[in-house]
Amino acid sequence: MTTFNDTVEQAIKNPDAQQPYASLGLKDDEYARIKEILGRRPTDAELAMYSVMWSEHCSYKSSKVHLRYFGETTTEEMGAKILAGIGENAGVVDIGDGNAVTFRVESHNHPSYVEPHQGAATGIGGIVRDIMAMGARPIAVMDQLRFGPADAPDTSRVLPGVVSGISHYGNCLGLPNIGGETIFDESYAGNPLVNALCVGTLKVEDLKLAFASGLGNKVMLFGSRTGLDGIGGVSVLASDTFEEGAERKLPAVQVGDPFAEKVLIECCLDLYKAGVVVGIQDLGGAGLSCATSELAAAGDGGMEINLDNVPLRAKNMLAAEILCSESQERMCAVVRPEDVEKFTKICEHWGVPCAEIGEVTDGKHLIIRHKGEVVVDAPAHTIAHEGPVYTRPFARPEWQDELQQFGGVEKPTDAEKIKKALLDMISSPALCSRAFITDQYDRYVRGNTVQAQHADAGVLRIDEETNRGVAVSADASGRYTKLDPNSGARLALAEAYRNVAVTGARPVAVTNCLNFGSPEDPGVMWQFREAVHGLADGCKELGIPVSGGNVSFYNQTGTEAILPTPVVGVLGVLDDVRESIGNQLRTVEAQEELYLLGETFDEFGGSIWQQVSGAGLSGMPPKVDLANEEKLVNFFANPNVVTAAHDLSEGGLGAAIMEMAIQAGCGVTLDLSEVHADFFTALFSESASRAVVATTDGAAVAARAAELGIPCVKIGMTSSEDKFEAGHREVTVALSLAELSEAWSATLPTLFGHAIGANSVIE
């Protein structure tokens, strides 16, 4: 093995000796910068650390210049309740009465294509540890999934594996899965998106941060042993320099053990309760390279680490491999010397391996030893925070104007064609039931889930004494965002905000996961910049802060990028979850009136009907007025006005009402004459800022809407008849609930039922 001293000697004798920096993802100028920082050629271990920490995944080198806009648009008032924000493992929000909530969403896209089950499973494991690192107990997960065409052969490989990975890991952890999205589009065929979200709770005073403070404090590594799995997960650590034989050629996808993580959660909570943790960092992307350099860089000194003390599960691991391994279920804590014994005993109680691997020192250097030799000696902040920052060229693509020219859609006018369109829409992979997927997740474990499957937002109780709770939703539309990136991001924000609002919750914070193609493509960078500005400006308009986020670049197959997909998560607070509003219509014995809130326009650009009818993607997405979204928040703040509510988004009014009727087994009779002059537009327009509500007091709904300036029209009644009936002047369409239910529920089981279990066994 090449040692630190060997490297210094070699650098003197042969300063131009080649190192495999390019195969590790480093550019010529980046490698030159590393040598400039060190004043010499880096050791193998240093080169490995810089390569993973300066990767796009860890350093945000192509996105930093644009992400700063979030800070520039966040006012002091907006950020007043943010206890930990952008740059931390997860955002933390003070929700009152000494309670705080933390949430974050991250991508695990590429691993989930290579090995769907483990890629998705360890995506859940990673996001859960981000929440743990804030001092919180994880309480729920969600997922945002995007695949190629539903009938494509490879989707039958990827989707079942991803779903089984999510369900296996989350179910074993005992965390309810309270919602998400599953989208199909050709652009994701070779590059699926697997974005995982986790929510956690903590007391304000229990907040933990990632920093190494206090000279002489010890660095404790605890959790699973470090192995060869996951090496190369964030940079392509595949050079022969770091290999000694074929056994080193292992998959870059990590292998997860949810039972080990479940124990680790409880162990962490006991450590926090005992007050023995000064600072803490999870080991995810870049492994020990990230944990040690970030802890040291954020602290008030340097750090010395001895890799010989790291518990290993593979023999003869090289220093670079130990540092870059992304083995799962590991945490790194800074502990006062007098607390080490207590720390160790708590780990022993839970059966969690624990080792003292170093200590906080004076100075600013991170010094790492292996087998008696210094293999790393570098300023910690240069590894963790001084990666290159690129101002990539960006330019509006030449094809954007042509794409925005609306090609039009066929709008059926006679009853039979509209009936067929209804069935085509609700049975399409775009709108059909996701029960095939969500039934594989445990939604009610822990007993605090109030709303989950088919709900607009997941609703959880976080305080059993007061019944205070949270509502969480995450949304995105790649189709809208491709048509207009700025509007597409604002629409994602508006939908997630509206989904939270219709539960009766007050939206308080935003997180995001921005999935785009190559940053080296000026067109992609223009999409990214526009989306960031749309989201940031939208949050400022709503007065709601961005608490954190994630960027995933290089999502493309060959030169074809995915649809630009900014996933936006919104967290809302409910003073009493018992008063939350669901979307379940009452039984036929309690007949309800149905009202539409908001205005309907002829808006089909990027719509589901455009997709289902084969019209192709064109036009402009729906216009969004965030002031109207705020009005809906105020409307639903009075939960006594309505008995059920459902936001309107993809598929419009027709899709929303059909879902409500099918789920309740309740007949519906509609007259849409006053919604829009055109029947089909009334049914399937995707205009924003709209919701449908059920009530037994129509006068109260109308009065409340008028008070807030919200357009409101009665559209029908629930019915004791077993049918869905929609009329518009001279045209009426009627279908039985059984016919609708069969069309809605059969699609995914037909496509993927044969693949259940095929990818669910861990090899």
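Here is a friendly talk between a trainee and a mentor about a predicted model.

Trainee: Let's start with helix α5. What makes His-66, Tyr-69, Phe-70 and Thr-73 count as residues on the same side of α5?

Mentor: Those four are the buried residues of α5, which runs over residues 64-73. They cover an arc of only 100° around the axis, and that is why they are placed on the same side of the helix. As background, an α-helix has 3.6 residues a turn, so residues three or four places apart point the same way.

Trainee: And which elements do the buried residues of α5 pack against?

Mentor: Their partners are β17 (506-515), α19 (522-542) and β18 (546-552).

Trainee: Moving on, how do you know that Asp-130 counts as buried?

Mentor: Buried means under 20% relative accessible area. Asp-130 has 5% relative accessibility, so it counts as buried. Its place is in helix α7.

Trainee: What makes Asp-282 buried or exposed?

Mentor: The cut-off is again under 20% for buried. Asp-282 comes out at 7%, so it counts as buried. This residue sits in strand β8 (residues 279-282).

Trainee: Why are Asp-130 and Asp-282 said to gather at one spot?

Mentor: The unreviewed UniProt entry places the feature "binding site" at both residues. They span 153 residues in sequence, yet no two of their C-alpha atoms are more than 6.4 Å apart, so they gather at one spot. Asp-130 also has Asp-282 among its contacts, along with residues including Asn-89 and Arg-104. For its part, Asp-282 is in contact with residues including Asn-89, Arg-330 and Met-331.

Trainee: Helix α7 also meets α8. How is their crossing described?

Mentor: The axes of α7 (residues 116-132) and α8 (residues 155-173) come within 6 Å and cross at roughly 40°. The crossing is right-handed. Among the residues making the contact are Ala-120, Ala-121 and Ile-124 of α7, and Gly-161, Val-162 and Gly-165 of α8. The contact residues divide into 10 nonpolar, seven polar and two charged.

Trainee: What is notable about the phi of His-454 and of Ser-689?

Mentor: Most residues other than glycine have a negative phi. His-454, however, has a positive value near 70°, and Ser-689 has a positive value near 55°. His-454 lies in the loop between β14 (449-451) and β15 (458-461), while Ser-689 lies in the loop between α23 (679-684) and β25 (691-695).

Trainee: Why is His-454 called partly exposed?

Mentor: Partly exposed is the range between under 20% and over 50%. His-454 has a relative accessible area of 28%, so it is partly exposed. Ser-689, at 8%, is buried.

How values were computed. Residues numbered from 1 in each chain as written. Predicted model: local features only at pLDDT ≥ 70, side-chain atom pairs only at ≥ 80, totals over all residues. Heavy atoms only, no water. Buried < 20%, exposed > 50% of the residue type's maximum accessible area, 1.4 Å probe, protein only. Helix = DSSP H or I, 4+ residues; strand = E, 2+ residues; numbered from the N terminus. Arc of directions from axis to C-beta. Contact = heavy atoms within 4.5 Å. Axes fitted to C-alpha atoms, helices over the stretch in contact; angles between N-to-C directions. Left-handed = near helix turned anticlockwise from the far one by under 90°. Nonpolar A, V, L, I, M, F, W, Y, C, P; charged D, E, K, R; others polar. UniProt positions renumbered as here; feature names shortened; annotations may be inferred.
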